[in-house]
Amino acid sequence: MSLQKLTAELYSSFERGDYSQCQNILPPIKIELIKHNLLVPVASNSQTKDQVNDLKIAQRILEIGALSSLLSNNYQSFENFVAQLKPFYANIQLHPSSKKHANSDATKIKSLYLLYLLSQGLISKFHTELEVIYNSNHDDIENDKYLQFPINLERNLMEGNYNKIWKLLKEDKNLPCQEFAHFIDTLIQALRFEIAKSIEKTYESIPINNCKNLLYFPQEQSDAVFEKELSEELEVENWKFENGIIYFDKNETVLNADNSNVIHNVLNYAEQIDSII
Amino acid sequence: MKEAAEEPAPSASTNETILKEIDQSFSLLSKAGSSYDNRYISKVFRDLGPLRRKIRAADDVLPSVVAKLYPSAHTNKVYLLEALGAEENADEMEVDSTSSNSVNSTNAETPEAELYVHLLVQVYLLDTNQLAKADTLNANIIQLMKLYNRRSLDFIQAKIWFFIARTKELLGDLVTIRPELLSSLRTATLRHDTETTASIITLLLRNYLLSHDISQAANLVEKTEFPENAGNALVARYYYYLARINSIQLDYSTAHECVIAAIRKAPQTHLANGFIQSASKLRILIELLMGDIPELKVFHKQAGSFEPYFYVTQAVKLGDLKLFGQVLNKYETVFKRDDNFTLVSRLRQNVIKTGIRIISLSYSKISLKDICIKLHLDSEESTEYIVSKAIRDGVIEATINHQKGFMQSKELLDVYSTKLPQNEFDQRIKFCLSLHNDSVKSMRYPNDSDDKADAVKNESKEDEMDIMRAIEEGDLDDFLD
């Protein structure tokens, strides 16, 4: 099949929301793109207007690839598509640096990627990406509803302002677009994990009901289910449930001087000084 | 970049002195070539700084130098003269110089001298801001450098690469030079050419960081090994870039070590002022991000625009979110220019944390509501989460009583009953010992053979002294930002 036909088919199945079909079409399309030298934008293939238009179509194909992989839970392939899209977004011919644009498909993909990194807990990668976005000429961060979302999320997460995040995640109308809803569950999971870690360090004991509140579990959930969920999903240990109150067992690490270590060190110094003299 | 003082208008006599100097350099270079001793080259480079200023003031010197290098027609001569814009009177020049050339015939056309002249032309074009010409010349130089494989050229090549990258940077074209840099990095590494390897690694890192391509830079650092015995200036630069990469990747303690190393290794002359300033700015931010407050004398000691950083420190120290917001707004452009804006904006959480810490130190028991009001936070619920995160991160030692809604600070622990002082002490002793070992290793002893040939020694004694001085000062030259 020719590239045109495949592209048309990809567009239509993406419109229909048939993501598994998209996944099937994508590999042959990529092969066609490679044949036409369109998979990677370089200086030599982005000169004339026609070439730029072709590249724009290639970019759209990859964007669809990224979105459909994401929506069919194929994160590995989502990451690959994002990596392939990066040279497109950095290309001067395709994205002239003279004007800033907000709320484009490009920023949508970028912020979805940021959200993905955040939900996986890859904070240092998140900041590496952010550094590029902050300093690029064509992303208007202040006015971009897509980019604002992950940035705010990370900031609140670092501050420990979990209340705000909860409000942000809980209402669908806060989400800039539907694709973001995909990460909600993983993010809530990550959020609860963080809160649980803080709780066990902060309190000596806490009534179960209050704890449910803090972790944003529904009040009517039975204590047994709550306990089970806690130990299975949040990997909590040392939580004791007694009479409606949770006690946190703190095994303080003993910091007393370790004698054998001291002796070892001193012998080591003696040896060194001996060699100096 | 340093600015040359205005030189007087070029006269015949200054031209002659310049020619003499270059002649001297030629003879040193040929010595270096024949004896494989790179210290001669260090000596040549020590004089490069003043020479560069003189050449800039005297436009017509370089064509005659080129003519002297290539007495007969030569392809390299054509493009060199073209770059200098002196094509038409090339023939005349040739006649002029043949006489002097016969005297120094041994000096001409050794690869060392050849590349040195290329370097001079390149620097001249750069200084006179003829970037496009410099760029075309650079393409030729890269080809030329590929022809040679001599260890005596290492230093010159390293320097030439520096100026090639600088030209591209001034042209705003960061991407096209990368393949050339990478391929020559490979060649230099295979030849154990430490100087060029080190130089190119720093250039690549600078290139990546300028285009904010942190992941690329991190990959490069991971895959390459920075040569241990590279010049101090290069090592300082390398550590500075490492500090930058690590700070962006949130590894503040490594970043802090690197930035301290960079500042210590940087040459302590006025040429490196710019470098030390930007390194110090980075250091202040890293320390703040680590939760430390830099000492006041850091700000007093330096010249330059440290004011914004001072106010940021103040805001963090006071734990005042409002003040922090104001400072961030006011100096946004300054931080962006220094490429530090993302780091500064990360400090917001530290402001809150110090705020909580101050409260925890002053009150043994305080209601969450009061904390909320004091720190200008949104709600009591958020306050509870934020305080609890601070406890988890080890910022404060406290517990929260949820039912009654207050925070209770723990009694301070006696550190001397723990292992901490012992560890701290251990670290310092280890540092002193390794410092001692390193200094023993890096001492330089004269060769035994020198003692036997006393006569030779006396003759070359002066030479030797010069070279030692050159090594001390030589690599301080051309210290960028």
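**Two cavities and three helix pairs**

Let me begin with chain B, where helix H11(B) gives the most to the lining of the second largest cavity, with four residues. What we have on the screen is a predicted model, and I will go through its cavities together with the helix packing around them.

Staying with that cavity, its volume is about 60 Å³, and the elements that give two or more residues to its lining are helix H9, residues 154–171, and helix H11, residues 194–210, both of chain B. The residues that line this second largest cavity are B:Ala165, B:Glu169, B:Leu174, B:Ile177, B:Leu181, B:Leu203, B:Arg206, B:Asn207 and B:Leu210. If we sort that lining by class, we find six nonpolar residues, one polar residue and two charged ones.

Helix H11(B) also takes part in a helix pair, and here a short reminder may help: two packed helices are described by the angle between their axes and the distance between the axes. For H11(B) and helix H12 of chain B, residues 214–223, the angle is about 160° and the axes are 8 Å apart. The two helices H11(B) and H12(B) are therefore roughly antiparallel to each other, and their crossing is left-handed. On the H11(B) side the contact is made by B:Ile201, B:Leu204, B:Leu205, B:Tyr208 and B:Leu209, while H12(B) brings B:Ile214, B:Gln216, B:Ala217, B:Leu220 and B:Val221. The classes in this contact of H11(B) with H12(B) are nine nonpolar, one polar and no charged residues.

Let me now turn to the cavities as a set. The structure holds eight cavities of 30 Å³ or more, and the largest of them has a volume of about 80 Å³. Which residues line the largest cavity? From chain A there are A:Glu131, A:Tyr134 and A:Asn135, and from chain B there are B:His212, B:Lys336, B:Asp339, B:Asn340, B:Phe341 and B:Thr342. The elements that give two or more residues to this lining are helix H6 of chain A, residues 123–135, and helix H20 of chain B, residues 341–346, with the largest share, three residues, coming from H6(A). By class, the lining of the largest cavity divides into two nonpolar, four polar and three charged residues.

Helix H6(A) leads us to the next pair, in which its axis and that of helix H5 of chain A, residues 105–119, come within 8 Å and cross at roughly 160°. That angle makes H5(A) roughly antiparallel to H6(A), and H5(A) passes H6(A) in a left-handed crossing. The residues in contact are A:Lys110, A:Tyr113, A:Leu114, A:Leu117 and A:Leu118 of H5(A), together with A:Ile123, A:Lys125, A:Phe126, A:Glu129, A:Leu130 and A:Ile133 of H6(A). Sorted by class, the contact of H5(A) with H6(A) has eight nonpolar, no polar and three charged residues.

The last pair is also in chain A, where helix H7, residues 145–159, and helix H8, residues 162–170, pack at an angle of about 150°, with their axes 8 Å apart. Why do we call H7(A) and H8(A) roughly antiparallel to each other? Angles over 145 degrees count as roughly antiparallel, and the pair H7(A) and H8(A) is therefore described in that way. In handedness, H7(A) passes H8(A) in a left-handed crossing. The contact draws on A:Phe149, A:Leu153, A:Asn156 and A:Leu157 of H7(A), and on A:Tyr162, A:Lys164, A:Ile165, A:Leu168 and A:Leu169 of H8(A). The residues of this contact of H7(A) with H8(A) comprise seven nonpolar, one polar and one charged.

How values were computed:
Residues numbered from 1 in each chain as written. Chains lettered and ligands numbered in written order. Predicted model: local features only at pLDDT ≥ 70, side-chain atom pairs only at ≥ 80, totals over all residues. Heavy atoms only, no water. Axes fitted to C-alpha atoms, helices over the stretch in contact; angles between N-to-C directions. Parallel < 35°, antiparallel > 145°, perpendicular 65-115°, else oblique. Left-handed = near helix turned anticlockwise from the far one by under 90°. Contact = heavy atoms within 4.5 Å. Nonpolar A, V, L, I, M, F, W, Y, C, P; charged D, E, K, R; others polar. 1 Å grid on protein atoms, 1.4 Å probe; cavity = no way out; pocket = protein on both sides within 12 Å on 5 of 7 lines; lining within 4 Å. Points joined across faces, edges and corners; volume = space filled by probe spheres on them.
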